[in-house]
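Dear colleague,

I am handing over the structure we spoke about, and it is placed directly below this paragraph. Please look through it first, and then read on for what was found in it.

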Amino acid sequence: HLSGSVGTGSRGLSGAEAVFESVLAADPDTARGGYAYGDAVYLTIDADLQYRLENLARAALGKNAAEGIALVAMEARTGSILAYVSLPDFDPNDFLAADRSAWVDRVSIYAYEPGSVFKVYSMGALMALGGIDNRSTFVCDGRYEKETASGENIVIKCLGTHGVVDVTRILEYSCNSGAAYASDTVSAIDFYAKIREFGFGERAGADLAGESPGLIRRPEEWSGRTKPTIAMGQELLVTALQMTSAATALANGGILVRPRTLERIVDSDGETLDDPQPIAVRRVMEEAEARSILGAMEAATLDTGTGYRARIDDLRMSVKTGTAQVIDPATRRYSDTDFIASTIALFPSEAPEYIVYAAIFKPKGPSTYGGRIAAPFVKDIANAIADLYGVARTGSASATHGGRIVVAGAEAVRIGDTMPDLRGTPKRALTALLERQDIVVEIEGDGWVREQTPAPGTPMEPGATILLRLE
């Protein structure tokens with residue numbers, strides 16, 4: 001979905017192929033020797049990580065008998081997207097053979113209600129607005145209840161009876177009524193504006209084709225229950241990309257960083273034409289507030305938290321799980337069978353380097369809860385990232401050194417009276433031969449010597465020509 005596909009005349013139809021069509025296409029006016037070349041586009045994707053996470057996602061898709069999966073792995077400080085997985089997917093070389101449902105990009109185009117994962121942003125917004133702080137408490141008796149000035153009685157049920165809760169407990173237990181009561185501390189217009197500052201309701205700007213802005217209605221269109229409902233992750237539409245990129249504000253001390261998929265653009269001569277750098281979009285919250293939300297999310301990995309199945313014992317993680325309801329188009333009410341299970345994780349919690357967000361759409365397996373099926377999925381993803389990039393773990397052995405390493409080089413090749421057997425010799429060991437004035441040395445290819453002329457043992461005479469083919 002990210003790289004995209006091409007149609008007639010190799011014109012880009014989707015993904016990066018469409019976004020960078022004018023860059024990739026060759027300009028006939030620049031032809032040399034009858035050939036014209038386009039520029040090369042490099043994406044931020046780490047092919048190794050993409051491969052590993054695609055395999056994990058395919059296993060999760062089958063295990064949970066799900067309709068689809070969205071998965072994003074991002075560098076927290078730069079916004080660079082390292083893995084971009086939307087399942088089901090298709091072969092871009094034969095996309096017409098795929099079922100059209102596989103064309104749906106569930107990362108940046110498909111929009112849905114996020115569920116309780118959104119509480120990290122709603123609580124962050126309320127903190128940034130001064131409505132709540134770490135000392136604020138609310139009472140959860142199993143439901144949120146309020147009577148409006150017009151006489152409307154609003155009731156929102158919670159999944160449990162959590163008693164007195166603060167911000168940490170709201171995120172640890174995923175307390176709906178606590179989040180709803182917290183939303184009463186600010187005005188609708190301020191709440192709306194702060195949520196927009198996190199990037200919801202607008203395109204994230206990650207150099208993608210057809211990116212969805214999601215949907216958050218203006219406050220004048222809200223009902224009496226909209227604000228508390230948004231606080232728990234309903235009555236708005238988001239994309240997986242937005243959910244991931246909004247977390248950069250938590251990871252970077254309150255500063256939102258724009259997500260990016262473009263690494264660089266290079267012309268046919270190897271010259272760099274564009275080398276985009278990370279972009280800090282705006283400050284959304286203060287550093288202390290971001291740390292408070294991260295700390296509350298870390299509590300979700302405790303045995304009492306909804307995200308304990310994502311916990312990695314030797315790696316501190318800040319986690320939030322969610323289980324969102326899905327509207328049934330036939331009844332226009334929430335379905336009794338369709339849900340979206342999701343989990344977000346930032347790690348290491350003390351100074352987040354990576355953000356992972358995963359959503360499992362309409363699972364039909366043993367469970368539909370984010371804490372039960374998305375959390376262990378995210379744990380596997382975080383382990384893969386930590387192993388691949390060498391993220392420091394609590395129990396990992398460490399070593400210090402002076403920063404200087406001596407690597408033994410290959411001994412330079414010498415040719416005397418007879419031709420030696422050079423097969424298997426690396427190219428770097430052959431360069432000294434090019435300085436010889438008494439013989440001619442021709443080297444074709446890169447790597448190691450595969451063929452040589454003359455053969456080993458042949459007497460060498462001044463002026464002889466040596467041909468070495470490498471692969």
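The notes below go through strands, cores and aromatic contacts in turn.

Please keep in mind throughout that this is a predicted model.

I begin with strand 2, which covers residues 68-75 and is largely enclosed by the rest of the structure, because 7 of its 8 residues are buried. On one hand it is joined by 8 bridges to strand 14 (residues 354-361), with the two running antiparallel, and on the other it is joined by 6 bridges to strand 3 (residues 81-87), also antiparallel. Leu-71 illustrates both pairings, since this residue stands opposite Ala-358 in strand 14 and opposite Val-85 in strand 3. Strands 2 and 3 form a hairpin with 5 residues between them, and Gly-79 in that turn has a positive phi of about 80°.

Elsewhere, 3 strands make up an open sheet in the order 1-9-10 with antiparallel pairing. Strand 1 (40-43) and strand 10 (272-274) are at its edges, each with a single partner strand, so one side of each has no neighbour in the sheet. On average, and with direction ignored, neighbouring strands of this sheet are turned by 35° against each other. Between strand 1 and strand 9 (residues 262-266) there are 4 bridges, and Val-41 stands opposite Ile-265 in strand 9.

Turning to the interior, the largest nonpolar core has 68 residues, and those touching the most other members include Tyr-121, Phe-191 and Phe-200. Helix 4 (residues 119-128) gives this core its largest share, 6 residues. Apart from this core lies another, of 35 residues, among them Leu-315, Ile-360, Val-378 and Ile-381.

As for the aromatic rings, the count comes to 12 pairs. Tyr-110 and Phe-361 form an edge-to-face pair, at 5.3 Å centre to centre and with 90° between the planes; Tyr-110 lies in the loop between strand 3 and helix 4, whereas Phe-361 lies in strand 14, 251 residues apart. Tyr-110 counts as partly exposed, at 26% relative accessibility, while Phe-361 is buried, with a relative accessible area of 1%. Phe-361 also forms an edge-to-face pair with Tyr-112, at 5.2 Å centre to centre and 85° between the planes. Because Tyr-112 lies in the loop between strand 3 and helix 4 and Phe-361 in strand 14, this pair ties together parts that are 249 residues apart in sequence. In addition, Arg-106 lies over the face of Phe-361, at 5.3 Å from the ring centre.

With best wishes

Notes: Residues are numbered from 1 along each chain as its sequence is written. This is a predicted model: local features need pLDDT of at least 70, side-chain atom pairs count only at pLDDT 80 or more; totals for chains, interfaces and linings use all residues. Side-chain values use heavy atoms; hydrogens and water are left out. Buried means under 20% relative accessible area, exposed over 50%, partly exposed in between (1.4 Å probe, protein chains only). Two strands pair if DSSP finds at least two bridges between them. Axes are lines fitted to C-alpha atoms, for helices over the stretch in contact, and angles run from 0 to 180 degrees between N-to-C directions. A nonpolar core is a set of buried Ala, Val, Leu, Ile, Met, Phe, Trp, Tyr and Cys residues joined through side-chain atoms within 4.5 Å. Rings of Phe, Tyr and Trp (its six-membered ring) pair if their centres lie within 6.5 Å; planes under 30 degrees apart count as stacked, over 60 as edge-to-face and the rest as tilted. A charge sits over a ring if NZ of Lys or CZ of Arg is within 6 Å of the ring centre and within 35 degrees of the ring normal.
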